[in-house]
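Biologist: Could you take me through how the two chains fit together, giving the reasoning behind each term as you go?

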There are 2 protein chains.
Amino acid sequence: MKKQKLTLPALDPLSVQAQTGSAYPNKFKAICEAREKAKIGDVLGLTNFGVNLTRLRPGTASSQRHWHDNQDEFIYVIEGELVLVTDAGEQILTAGAVAGFPAGKADGHQLINKSDHDALYLEVGDRTPGGGAEYPDIDMRVKMTADGPRFTRKDGTPYGPDE
Amino acid sequence: MKKQKLTLPALDPLSVQAQTGSAYPNKFKAICEAREKAKIGDVLGLTNFGVNLTRLRPGTASSQRHWHDNQDEFIYVIEGELVLVTDAGEQILTAGAVAGFPAGKADGHQLINKSDHDALYLEVGDRTPGGGAEYPDIDMRVKMTADGPRFTRKDGTPYGPDE
């Protein structure tokens with residue numbers, strides 16, 4: 001992608017500062033803590049859905065494998081190579097590929113950069129309230145609350161700050 | 001974009017058949033009737049928002065200039081060159097540029113391909129119900145109804161089938 005000089009409502013998404021980190025309990029965040037998300041939808045003033053330009057360096061994953069109860073997700077691959085993991089196994093997505101994860105569909109998804117180069121993609125998710133997400137591979141679930149996401153074990157007990 | 005062999009929930013968006021046409025009254029549809037929209041969000045099973053891969057041939061516009069009362073819109077330019085028209089004037093968007101049009105923001109937008117080559121972009125719009133759209137440059141407005149969009153003059157009177 002070439003840098004462009006644009007004014008709102010247009011934007012060069014590469015001009016937006018990216019954020020790293022994950023709200024997962026410590027034991028689950030290592031794989032995705034280095035993901036770099038530029039919240040371009042927020043900069044554009046969008047509120048009904050979020051749009052991130054996300055960069056995964058080699059070895060980084062988008063998330064733990066999950067699905068959302070109430071929100072759809074969509075991704076578009078811009079650069080590089082991503083492995084999409086679902087119940088059906090793995091497939092490789094390159095520039096121009098899309099994928100969609102409908103609300104409530106019980107098939108967890110995760111993107112992993114197993115290549116030697118950065119991968120860059122757009123991700124869109126709506127802000128329909130409520131629900132949570134299921135993580136089929138690990139002892140974790142999340143519920144959306146008024147105070148933000150609340151991550152627990154599947155039996156509802158919380159993880160401590162050192163877990 | 002290179003063709004890719006993918007299986008759902010991933011998809012090569014170029015494999016989705018595009019549709020042309022416009023629901024505008026006849027007198028307003030000429031500029032955008034040839035737009036080619038592949039409804040990839042529907043194919044992916046998404047319901048909370050729509051995602052189209054849209055191709056504008058030279059001389060074609062995305063729409064009449066408009067804004068939505070209740071729905072956000074987002075675009076990402078994949079190939080080619082598009083002129084974005086808003087109250088502030090015109091700017092040229094090329095591959096990698098994004099633009100966002102927040103619900104209820106009274107600044108009409110329109111994309112026009114004034115170049116000699118095809119332009120290809122992604123467009124995302126949420127499906128928050130209700131409201132309509134305003135068209136600042138022409139004597140038209142639209143209200144969303146249970147039967148779909150209802151286009152009228154600004155005074156609410158309908159256009160006839162030959163208008």
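Modeller: Let me begin with a term that we shall need: two strands pair if DSSP finds at least two bridges between them. Please keep in mind that this is a predicted model.

Biologist: What makes strand 1 of chain A and strand 8 of chain B a pair?

Modeller: Two bridges join strand 1 of chain A to strand 8 (residues 98-101) of chain B, and because at least two bridges are required, these strands count as paired. They run antiparallel, and one of the residues involved is Leu11(A), whose bridge partner in strand 8 of chain B is Val98(B).

Biologist: Why is the relation between chain A and chain B called a two-fold axis?

Modeller: In general, two copies of a chain are related by a rotation about an axis and a shift along it. Here chain A is superposed on chain B by a rotation of 180° with 0.0 Å of shift along the axis, at an RMSD of 0.0 Å, which is the relation of a two-fold axis. Within chain A, the C-alpha nearest the axis belongs to Asp126(A), at 3.8 Å from it.

Biologist: How do you know that the same surface serves both copies?

Modeller: Of the contact residues of chain A, 100% recur in chain B.

Biologist: How many residues does each chain bring to the contact, and which strand of chain A gives the largest share?

Modeller: The contact takes 43 residues from chain A and 44 residues from chain B. On the side of chain A that touches chain B, strand 8 of chain A supplies the largest share, four residues, and by class that side has 25 nonpolar, 14 polar and four charged residues.

Technical notes. Residues are numbered from 1 along each chain as its sequence is written. Chains are lettered from A and ligands numbered from 1 in the order in which they are written. This is a predicted model: local features need pLDDT of at least 70, side-chain atom pairs count only at pLDDT 80 or more; totals for chains, interfaces and linings use all residues. Copies are superposed by least squares on the C-alpha atoms of residues with pLDDT of at least 70 in both. Two residues are in contact if their C-beta atoms, placed from the backbone, lie within 7 Å. Ala, Val, Leu, Ile, Met, Phe, Trp, Tyr, Cys and Pro count as nonpolar, Asp, Glu, Lys and Arg as charged, and the others, Gly among them, as polar.
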